[in-house]
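Got your viewer open? Load the model, switch to cartoon, and keep the selection box handy for a few stops.

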Amino acid sequence: MSRQSEQVASKRATFGMGCFWAGDALFGALPGVIRTCVGYAGGTKDSPIYKDMGDHTEVVDIEYNPELISYSYLLELFWNNHEYGLTTKIKRQYMSLILYHDEEQRSLATESQELKQREVGEIFITEIKKFIKFYPAEDYHQKYRLQQHPWLVQTTGLTTPEALRTSPLAAKLNGYIAGAVSLKQFQQELPHLGLSEKAAQYVTKYVIENQGSGLYC
């Protein structure tokens, strides 16, 4: 893949919107998103793990190119793709959470929440807090949908935990396999992915099969 997008000063966005597998697929496939990683954030416990998360929340941490995709657009997807809803209080593990990285993100998040609440006529339970620290989740959580296809992982060389956490290709494939993009978008991006013909055919099959099935955990 071209590294041109990584030469621009990238930014980060961190969202909790239910189970983090779905958000990982949704955001990872977006044009302008460089890489994603799932993990735990928003709480105070040191070194949280999945079975002992403390007061942290499952989040997806997104690195993106602000020249290609805006934080406002990421927020629009955040509001429209919650797995467990925005108005019902649930345990902190799956709560609706925006962790802002700078004052501009805080302002945009607050404004977008107010706008969405007016649109639907309900009050959201979303918390908007300053980002403090992100703890990557265990290896088996990273690019979870992609990991269900071991042949594709092997043939693309994404076989290490670091590659699954940091590779732009891993983020893309994880979203494609989950049906997070249209066939048209995939076909437009395919020439830039460096996939073999067999791998391209394999991914195409799942893009078609999983379109419209909804992102789930």
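**Stop 1: a charge without a partner**

Select D24 in this predicted model. D24 is buried, yet it has no salt bridge. Which side chain of opposite charge is nearest? That is K143, at 4.1 Å, and a salt bridge here needs the nitrogen and the carboxyl oxygen within 4 Å. D24 sits in helix α2, which covers residues 20-28.

Now show the side chain of T36: it makes a polar contact with the side chain of D24, at 2.5 Å. To see the wider surroundings, expand the selection around D24. Beyond its neighbours within four places in sequence, D24 is in contact with T36, C37, V38, V60, K143 and N174.

**Stop 2: the cysteine next on the list**

C37 is one of those contacts of D24, so click on it next. C37 is buried, with a relative accessible area of 10%. Where is the closest cysteine sulfur? It belongs to C19, 14 Å from the sulfur of C37, which is too far for a bond. A search of the whole structure comes back with 0 disulfides.

**Stop 3: helix α8**

N174, another of the contacts of D24, takes you to α8, as it is one of the buried residues of that helix. Select residues 168-177: 10 of the 10 are buried, so α8 is largely enclosed by the rest of the structure. Among them are K172, Y176 and G175.

Check both ends while you are here. At the N-terminal end, S167 acts as the cap, with a side-chain oxygen 3.1 Å from the backbone nitrogen of L169. Just after α8, look at G179, where phi is positive at about 80 degrees.

**Stop 4: the rings**

Finally, show the aromatic side chains; there are 11 aromatic pairs. Start with F15 and F27, a tilted pair with 5.6 Å centre to centre and 40 degrees between the planes. F15 lies in strand β1 (residues 11-17) and F27 in helix α2, so this pair ties together parts that are 12 residues apart in sequence. Buried or exposed, this F15? Buried, at 1% relative accessibility, and F27 is buried too, at 0%.

From F15, hop to F78: the ring centres are 5.0 Å apart and the planes meet at 35 degrees, so this pair is tilted. It links distant parts of the chain, with F15 in β1 and F78 in helix α3 (residues 71-80), 63 residues apart. F78 is buried, at 0% relative accessible area.

To finish, select F15, F27, Y71, F78, W79 and F124 together: ring pairs link them into a cluster.

Notes. Residues are numbered from 1 along each chain as its sequence is written. This is a predicted model: local features need pLDDT of at least 70, side-chain atom pairs count only at pLDDT 80 or more; totals for chains, interfaces and linings use all residues. Side-chain values use heavy atoms; hydrogens and water are left out. Buried means under 20% relative accessible area, exposed over 50%, partly exposed in between (1.4 Å probe, protein chains only). Helices (H or I, at least four residues) and strands (E, at least two) are DSSP runs, numbered from the N terminus. A polar contact is a pair of N or O atoms within 3.5 Å; within protein, one must be able to donate a hydrogen and the other to accept it, and residues adjacent in sequence count only if both atoms are side-chain atoms. Lys and Arg count as positive and Asp and Glu as negative; His and the chain ends are not counted. Contact means heavy atoms within 4.5 Å. A disulfide is a pair of cysteine sulfur atoms within 2.5 Å. Rings of Phe, Tyr and Trp (its six-membered ring) pair if their centres lie within 6.5 Å; planes under 30 degrees apart count as stacked, over 60 as edge-to-face and the rest as tilted.
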